[in-house]
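Student: I am new to this structure and would like to learn how to read its features. Could we go through them together?

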There are 2 protein chains.
Amino acid sequence: MSKRTIYCGQVSEAQIGQTVTLKGWVQKRRDLGGLIFIDLRDREGIVQVVFNPDFSKEALTGAEQVRSEYVLEVTGTVVARAEAAINPNISTGKIEVEVKEMTVLNTAKTTPFYIEDGVSVSDELRLQYRYLDLRRPEMANSLKLRHQTTKTIRNYLDEQGFLDTETPYLTKSTPEGARDYLVPSRVHPGHFYALPQSPQLFKQLLMGAGFDRYYQIVRCFRDEDLRGDRQPEFTQVDIETSFLSAEEIQTMTEEMLAKVMLETKGVTLQLPLPRMSYDEAMDRYGSDKPDVRFDLELQQISDLVANSDFKVFSGAVANGGEVKAINAKGAAANYSRKDIDALGEFVGRYGAKGLAWLKVEEEGLKGPIAKFFEADAAALIERLAAEPGDLLLFVADQKSVVADALGALRGRLARDLDLIDESVFEFLWIVDWPLLEYDEENGRYTSAHHPFTMPKAEHISLLETDPGAVYAEAYDIVLNGYELGGGSLRIYQREVQEKMFAALGFTEEEAKAQFGFLLDALEYGFPPHGGIALGLDRLVMLLAGKDNIREVIAFPKNGRAADPLTEAPSEVATAQLQELALEITIEEAGE
Amino acid sequence: MSKRTIYCGQVSEAQIGQTVTLKGWVQKRRDLGGLIFIDLRDREGIVQVVFNPDFSKEALTGAEQVRSEYVLEVTGTVVARAEAAINPNISTGKIEVEVKEMTVLNTAKTTPFYIEDGVSVSDELRLQYRYLDLRRPEMANSLKLRHQTTKTIRNYLDEQGFLDTETPYLTKSTPEGARDYLVPSRVHPGHFYALPQSPQLFKQLLMGAGFDRYYQIVRCFRDEDLRGDRQPEFTQVDIETSFLSAEEIQTMTEEMLAKVMLETKGVTLQLPLPRMSYDEAMDRYGSDKPDVRFDLELQQISDLVANSDFKVFSGAVANGGEVKAINAKGAAANYSRKDIDALGEFVGRYGAKGLAWLKVEEEGLKGPIAKFFEADAAALIERLAAEPGDLLLFVADQKSVVADALGALRGRLARDLDLIDESVFEFLWIVDWPLLEYDEENGRYTSAHHPFTMPKAEHISLLETDPGAVYAEAYDIVLNGYELGGGSLRIYQREVQEKMFAALGFTEEEAKAQFGFLLDALEYGFPPHGGIALGLDRLVMLLAGKDNIREVIAFPKNGRAADPLTEAPSEVATAQLQELALEITIEEAGE
C-alpha cells in the first residue's frame with residue numbers, strides 16, 4: 001500500500017498538477033467509449049477519477065472489473081475538468097484525477113440498499129447493516145457533527161476549569177425514578193449492580209470532595225419503554241459546580257451552548273437567553289418545554305365566562321377548573337367543521353372532554369356556541385385580539401387538562417398551518433419549578449426533578465406543612481420545544497435532605513437504607529453546589545435537523561431495545577447463569 | 001453568597017493589596033494570643049487567613065466556632081507576611097489574607113481520618129469515605145493528572161482527524177475472552193446483553209462504515225478475579241484507523257504518548273521508541289512486557305551445559321528444555337545462602353523446580369554446583385561477563401518455565417538491589433507476536449491477542465498446516481514493565497477470518513452464530529484497518545507514580561468488586577427480578 005496523500009472529498013483546484021494517492025469506495029462507475037469514470041468516495045466526500053488507456057492501460061483493465069463499494073487505492077494526477085464537465089454540485093466538481101495506478105484493496109457484494117442520502121430503506125434493515133447505513137454522507141455528517149459538538153463542549157468546560165472525571169457504571173440500584181438495568185454480581189451471588197440512570201450522587205460526592213467543577217460526557221441507562229427520542233442508553237453532558245448561584249450556572253451553560261451553536265451551525269446566540277417561570281410557561285403555552293418559535297398562546301378567559309349560559313364553560317370554572325382559548329390567527333378558512341372535529345378528537349387524547357370553537361367573521365362570531373356569547377362577544381374579541389378570519393378554540397376543564405390539551409393543540413396547529421421556521425433555534429430557560437408533584441394515583445408527592453433538588457430558601461419551612469407550595473432552585477433549558485436539559489441547586493445540609501425525604505414519604509429507615517451514605521456525607525463539610533445535565537443525543541439531533549436520536553447514534557437499539565446487527569440481547573450459556581446463581585423462570589425464552 | 005474571586009491555592013504576591021473572596025475548607029485552626037490563623041484549603045491548595053479584632057471583631061468571633069473541614073467563605077485583603085512568617089513550603093507562603101468578613105457555609109463533624117497526604121488509613125475506610133479521601137491533595141492531584149492526560153490525548157487525536165464516536169454498552173455476549181458482565185433484558189425475557197470487554201467489533205465496523213479514524217475513551221468491563229491493577233470496569237483509549245500500516249499506527253501512538261509525557265510530566269520522549277520482537281523480549285527478559293529500566297538480562301547457556309555432569313542442566317537440555325542464567329552484578333555479598341533459598345522458593349511459584357547458583361570470587365566459582373563447572377568455568381564466566389562479586393543464578397526447565405521464572409526473578413532482584421530508577425519512563429514496543437497460543441489444558445489454540453488479529457501476509461497459508469508458526473501484525477506498547485496497550489492490524493477479508501476461526505477450533509456454524517455479522521460485513525467492501533487500545537488507568541497510574549489503579553480512579557471497587565461507599569452490589573426487590581423472569585438459586589444471598 002502507498003500512503004494516502006489526501007481525502008477524496010478534499011481534492012480541489014489547489015492540487016492541480018500534483019500526484020495524489022486516494023483510498024476510497026466506488027460510488028459509481030461509468031464506462032464511456034473506452035474510458036472509465038469512477039466516483040470515489042471517502043468520509044470527506046466524492047472525487048471523480050478517470051481511467052484512460054493514455055494514462056495507464058493496466059489501470060483501465062483493472063477498472064473494468066470494479067463494482068460499487070469496492071475499496072480502491074488510486075494514484076494519479078489532478079487535472080482541471082473541461083468547462084462542460086464541471087459539476088457545480090460537489091466541492092471537487094472542477095477537477096478530476098487521471099489514474100496512473102490502481103489497486104483493488106477489497107471487493108464488495110451488491111449492498112442491500114444504495115449508499116446514498118434519501119434512499120428509502122426500512123429502519124430495521126438500516127440497523128442490520130448499520131456499517132453500510134453509516135457510509136451514507138448524511139449519517140457520517142451527523143456523527144461528525146456529534147464529534148464537533150462534544151469537542152466544543154469539552155474545550156469550553158476545560159477552559160472554565162472543569163475536571164473531566166469518570167464515575168462508575170456498576171452502581172447501586174435505587175427504587176426512585178425510572179427502572180434500572182441490573183447487572184448480577186458473581187462474587188456476591190444474589191446481589192446486583194445497577195447501571196446508572198445518571199451519575200447524580202457521584203457528582204454531588206465529587207463536590208463534597210472539593211473538586212469544585214466536574215464534568216463528564218457520560219452514558220446513562222433507563223429500562224423504559226421506548227419512544228422516538230428515547231434509547232435504553234443515552235449520553236448526558238453532566239456538569240456540577242460548587243459555590244455558584246443558579247443564575248451563574250445558567251450563564252455558564254448558555255455560554256457553552258452559544259459556543260456550540262457558533263462552532264457547529266455558525267449561529268450567534270443572543271445572551272442571556274430568555275428566562276420564563278414554570279408557572280408562566282404553563283399558563284401561556286400549556287407546556288413546561290414550550291416551543292416558542294411560534295405564537296398561538298393560550299389565553300385565560302375564565303373570568304369572562306364564569307357566568308356564561310354555556311354550562312360547559314361556567315361549570316368548569318365553578319368546579320375549580322378554567323377555560324382557555326387559542327386564537328388561530330387567520331385559520332378559520334383552513335379548518336372545515338370536519339377538520340375541527342378531528343382537532344376535538346386530538347385534544348381528547350390529552351384528557352379534554354371537548355373542543356369548543358368559534359370562527360370570527362365580519363359580522364361577528366359564528367359557530368355552534370356563538371349564541372352564548374352574544375352579550376360578551378366584544379369582551380372576548382378584545383381579550384383574544386380576534387379579527388375576521390380567525391379561528392378560536394376553547395378547552396374548559398381542570399387546569400392540568402386544559403394545559404395538556406391546549407399545549408398539544410398549539411403544536412398541532414403550528415404544524416398544520418406551517419407556522420414553524422425550522423431554521424431557527426429558540427432556546428429558553430424555564431425557571432422557578434415546583435419542587436414536588438402530587439401523584440394522585442399513589443396519593444403521595446414525587447420529586448419534580450429528583451430528591452436532591454434544593455427548595456427555595458424561603459420555602460424550606462413549608463416542606464412539612466404544605467409541600468405542594470414549595471418551589472425549587474431548579475431550571476430546565478428548552479430548545480424548540482424539547483427539554484434539552486435540567487439542573488438545580490442541590491441540598492447540601494442533612495436536615496434539609498431529611499425533610500425532603502420525609503416529604504416524599506420515606507421513613508427514616510428507608511431514607512437511611514437507600515441514601516445513608518449521602519446523608520452522612522452532608523455532615524462532613526459539604527459545600528453549596530448545583531449543576532445541570534444536558535441530553536447530548538437530543539442536542540445533536542436538533543442541530544442535525546433530525547427528529548429521532550437514532551439518527552445521531554452510531555449503533556442504536558431498535559424500538560424493541562434490540563440490535564438487529566449483533567442480535568443483542570441474546571441467550572447465554574447455562575454455565576454463565578449458574579455462576580451468577582440465577583435461573584430463568586420462563587419455559588421458552590421467546591422474543 | 002459573594003462570588004469567589006480566586007482559588008485559595010492561587011493567591012500569590014500578585015494579589016497583595018487586593019480584596020479577595022475565597023471559599024474553602026478549614027485545614028487547620030490555630031489560636032494565638034487573640035488572633036486566629038486558619039489554613040483554608042480548596043482544590044488548588046492552601047492559603048493562610050488571619051482573624052484579628054483590628055480587621056473584624058465579628059469575623060474573629062465567628063472563627064472561634066470554626067473547626068476542621070468547616071466550609072467557609074472569607075473576604076479580606078491580601079498582605080505580605082512578615083519575613084519570619086514566610087512559609088517556603090507552599091506556593092502561597094509569602095502572603096496571608098486579613099479577614100474582613102467570614103461566613104460559615106457548612107459545618108463538619110470530626111472526620112474519620114485526617115485530610116492530608118501520607119496518612120495511614122485502611123483502603124476499606126478510604127473507599128467508604130471516598131469523598132473525604134479525595135480531598136487529600138495527593139488524590140485530587142492524581143485525578144487532575146488524569147484529566148490532563150485525557151485532554152492531551154483528545155487534543156492530539158482531534159488534530160489528527162479522529163472522530164470521537166460512542167459505541168454501545170449494551171452489547172452481545174461472546175464466549176471468547178474473559179467473563180462477561182451480563183444485563184438481563186426485560187423486553188426479551190431470558191435474553192441478556194453483555195457489557196463490552198472492549199468495543200473491538202464496533203470499532204472495526206466503523207472502519208467498514210468508512211469513518212477512517214475513530215477514537216473513544218471508553219469504559220470496558222471484565223468479570224475477572226481482581227488483582228492490584230485490575231478493576232471490574234476500566235477505561236481504554238480506543239483507537240482504530242483505516243489504510244495505515246502497523247508501523248504508521250505505532251508512529252501515531254508514540255507521538256500521542258510523547259505529547260502526554262511532555263504536557264503532564266515535562267518529559268521529552270526520544271522518538272521513535274525502541275522496537276523489540278516478542279521472541280527477543282522473551283529471550284532477553286523472559287517477559288513480553290519487559291521492564292528495561294535495568295539490565296539483569298537472561299543469558300542462554302544451554303550450549304555450554306548440554307553435556308554437563310550436572311544432570312539438572314544437561315537433562316533439561318536433553319528433554320528439549322533450556323538453561324538460562326542471570327548475572328546479578330556485584331550482588332554476591334547481598335545474598336546469604338538463606339536469602340538464595342528464598343529466591344529459590346520465589347521462582348518455584350513460577351513453576352521452576354529449583355534455582356541453581358554460583359558466586360564469583362577471585363579464586364573462581366563457588367557454590368554447591370561449582371564442582372560441575374571446573375572444566376567450563378572460563379567459558380561460563382566469559383558468556384556471563386562474570387567478575388568477582390557477581391552472583392549467577394540459573395534455571396533449567398522447559399522454555400516457558402525458564403522465561404517465567406527468570407523473568408520474575410529479574411524483577412525481584414532489581415527491587416532487592418534497588419536497581420530501578422523510579423524517575424524514568426522507559427517505553428518500548430513489542431512487535432512480531434505469535435498469532436496463537438497453544439492451550440495445553442484444552443488441547444487447542446487460542447488467540448494471543450484476539451481472533452480478529454491479522455496474520456503476517458506470508459504466514460496466512462500456514463494457518464491450516466502449522467498454526468503455531470504463524471506470526472501476527474500485532475504490537476504492544478510497554479512502559480516500565482507494564483503492558484500499556486496492545487494493537488494490531490485486523491483481518492479484513494472473509495476467507496482469512498474464516499481460516500482464523502477454524503484455527504481456533506470454531507466450527508463453521510459456531511463462527512456464524514457468534515460472528516456472522518462480522519463475516520457478512522467483510523464482504524461489503526471492508527477496508528484494510530488496524531488500531532490500538534491503551535489502558536488509561538494504568539497509564540495515569542504510572543504517570544502519578546502509584547502502584548494501584550485504584551489511586552487514579554475516583555470511585556473504584558474494592559478487592560471483592562464492591563463499593564463500600566454506596567454498598568453496591570446490593571439486593572434488589574423481588575418485583576425487579578420477576579420483571580426480568582429471573583430467580584435467585586441460592587437460599588441465602590450471602591456475601
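Tutor: We will take one pair of helices and then the two copies.

Tutor: This is a predicted model, in which local features need pLDDT of at least 70, side-chain atom pairs count only at pLDDT 80 or more, and totals for chains, interfaces and linings use all residues. Residues are numbered from 1 along each chain as its sequence is written, chains are lettered from A and ligands numbered from 1 in the order in which they are written, and side-chain values use heavy atoms, leaving out hydrogens and water.

Student: At what angle do helix α4 and helix α6 of chain B pack?

Tutor: Two packed helices are described by the angle between their axes and the distance between the axes. Here α4 (residues 137-159) and α6 (residues 246-265) of chain B pack at about 140°, with axes 9 Å apart; helices are DSSP runs of H or I, at least four residues, numbered from the N terminus, and axes are lines fitted to C-alpha atoms over the stretch in contact, with angles from 0 to 180 degrees between N-to-C directions. The two are therefore oblique to each other, a word for what remains after under 35 degrees (roughly parallel), over 145 (roughly antiparallel) and 65 to 115 (roughly perpendicular).

Student: How is chain B related to chain A?

Tutor: A turn of 180° and a shift of 0.0 Å along the axis lay chain B on chain A with an RMSD of 0.1 Å, superposed by least squares on C-alpha atoms of residues with pLDDT of at least 70 in both. The copies are thus related as by a two-fold rotation axis.

Student: Through which surface do the copies meet?

Tutor: They meet through the same surface, because 100% of the interface residues of chain B are also interface residues in chain A, contact meaning heavy atoms within 4.5 Å.

Student: Into which domains is chain A divided?

Tutor: Chain A has domain 1 (8-106), domain 2 (121-271 + 527-590) and domain 3 (294-417), with bounds from an automatic or database domain assignment.
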